[in-house]
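Subject: Structure for you to look over

Dear colleague,

Here is the structure I promised to hand over, with the sequence alongside. Please open it first, and then read the notes below with it in view.

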Amino acid sequence: MEQAHDLIRPWRRATIAVSAVAALELMLLTIVAIVLFGNPVLHHFTESAASAATPPKRTAVPVPSKKAMLPRNQISVMVLNGNGQAGAAHAAADRVQAHGYLLGDVGNAPGSTPRTLVMFRPGYVAEGRRLAHDLHLRIVRPLDGMRPSQLLGAHLVLILGR
């Protein structure tokens with residue numbers, strides 16, 4: 001009578017043979033894949049290494065054309081009194097108009113302001129600086145604490161301080 005381990009031996013030999021054939025097929029498929037896809041991958045890595053070795057070249061970026069400064073008679077200025085003195089906003093509005101600017105809303109600022117300043121909407125820096133120069137002021141800033149919708153169409157805001 002045959003023993004149990006004698007019955008297992010043919011299956012063991014078959015399993016080893018099938019595993020060897022599978023390993024051989026895997027090696028052949030790997031070689032075929034390297035031959036077919038290896039050249040593009042190698043080309044990609046070669047280009048990557050070459051571009052990493054050489055610094056990138058700077059390209060000339062065109063400078064955006066500076067927005068032309070609008071003439072004074074096309075700039076609307078809102079004048080707000082931030083110093084609490086009655087009539088100060090109207091007196092300043094007269095000075096603004098005397099320089100040729102359009103007059104926007106004239107009123108009181110929501111709070112007290114320590115210094116007189118000019119604030120400008122985005123894109124109107126040059127116009128804000130020109131108004132400050134015309135009125136002999138030093139402080140010119142972008143809108144702070146106000147939204148453009150609160151300007152009622154004005155480009156610049158003159159806030160009078162103490």
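A polar contact, as I use the term here, is a pair of N or O atoms within 3.5 Å, of which, within protein, one must be able to donate a hydrogen and the other to accept it. Please keep in mind throughout that this is a predicted model.

With that definition in hand, I would start at D134, which lies in helix 3 and whose side chain is joined to that of Y101 by a polar contact of 2.8 Å. Is D134 buried or exposed? Its relative accessibility is 11%, and because buried means under 20%, D134 counts as buried. Beyond its neighbours within four places in sequence, D134 is in contact with R72, H99 and Y101.

The contact with R72 deserves a separate word, since R72 and D134 form a salt bridge in which the closest N and O atoms are 2.8 Å apart. The structure holds one salt bridge. It ties together distant parts of the chain, with R72 in the loop between helix 1 (4-53) and strand 1, D134 in helix 3, and the two positions 62 residues apart. Unlike buried D134, R72 counts as partly exposed, because its relative accessibility is 31%.

D134 is one of several buried residues in helix 3, the others being E127, G128, R130, L131 and A132. What covers them includes strand 1, strand 3, strand 4 (140-142) and strand 5. After helix 3 comes H136, whose phi is positive, near 60°.

Turning to the interior, the largest nonpolar core has 18 residues, and those with the most contacts inside it are V77, V79, V96, L131, L156 and L158. Two or more residues of this core come from each of strand 1 (76-81), helix 2 (88-98), strand 3 (117-120), helix 3 (125-134) and strand 5 (156-160). Which of these elements gives the most? Helix 2 does, with five residues. Apart from this core lies another, of 12 residues, which includes L80, L117, I139 and I159. As for V79, leaving aside its neighbours within four places in sequence, its contacts include A89, A92, A93 and V96, as well as L158 and L160.

In helix 2 the buried residues are A88, A89, A92, A93 and V96. Seen down the axis of helix 2, these residues fall within an arc of 130°, so they line one face of the helix. H90, D94 and A98, on the other side of helix 2, are exposed. The cover over the buried residues of helix 2 includes strand 1, strand 2 (102-108) and strand 5. G100, with a positive phi near 100°, follows helix 2.

Strand 5 appears in several of these descriptions, and it is mostly covered, with five of its five residues buried. L156, L158 and L160 point one way from strand 5, whereas V157 and I159 point the other way. Strand 5 runs parallel to strand 1, to which it is joined by five bridges, and V157 in strand 5 is the bridge partner of M78. With strand 3 the pairing is antiparallel, over four bridges, and there L117 stands opposite I159 of strand 5.

With best wishes

How values were computed:
Residues are numbered from 1 along each chain as its sequence is written. This is a predicted model: local features need pLDDT of at least 70, side-chain atom pairs count only at pLDDT 80 or more; totals for chains, interfaces and linings use all residues. Side-chain values use heavy atoms; hydrogens and water are left out. A nonpolar core is a set of buried Ala, Val, Leu, Ile, Met, Phe, Trp, Tyr and Cys residues joined through side-chain atoms within 4.5 Å. Buried means under 20% relative accessible area, exposed over 50%, partly exposed in between (1.4 Å probe, protein chains only). Contact means heavy atoms within 4.5 Å. Two strands pair if DSSP finds at least two bridges between them. A salt bridge is a side-chain nitrogen of Lys or Arg within 4 Å of a carboxyl oxygen of Asp or Glu. The arc is that of the directions from the helix axis to the C-beta atoms.
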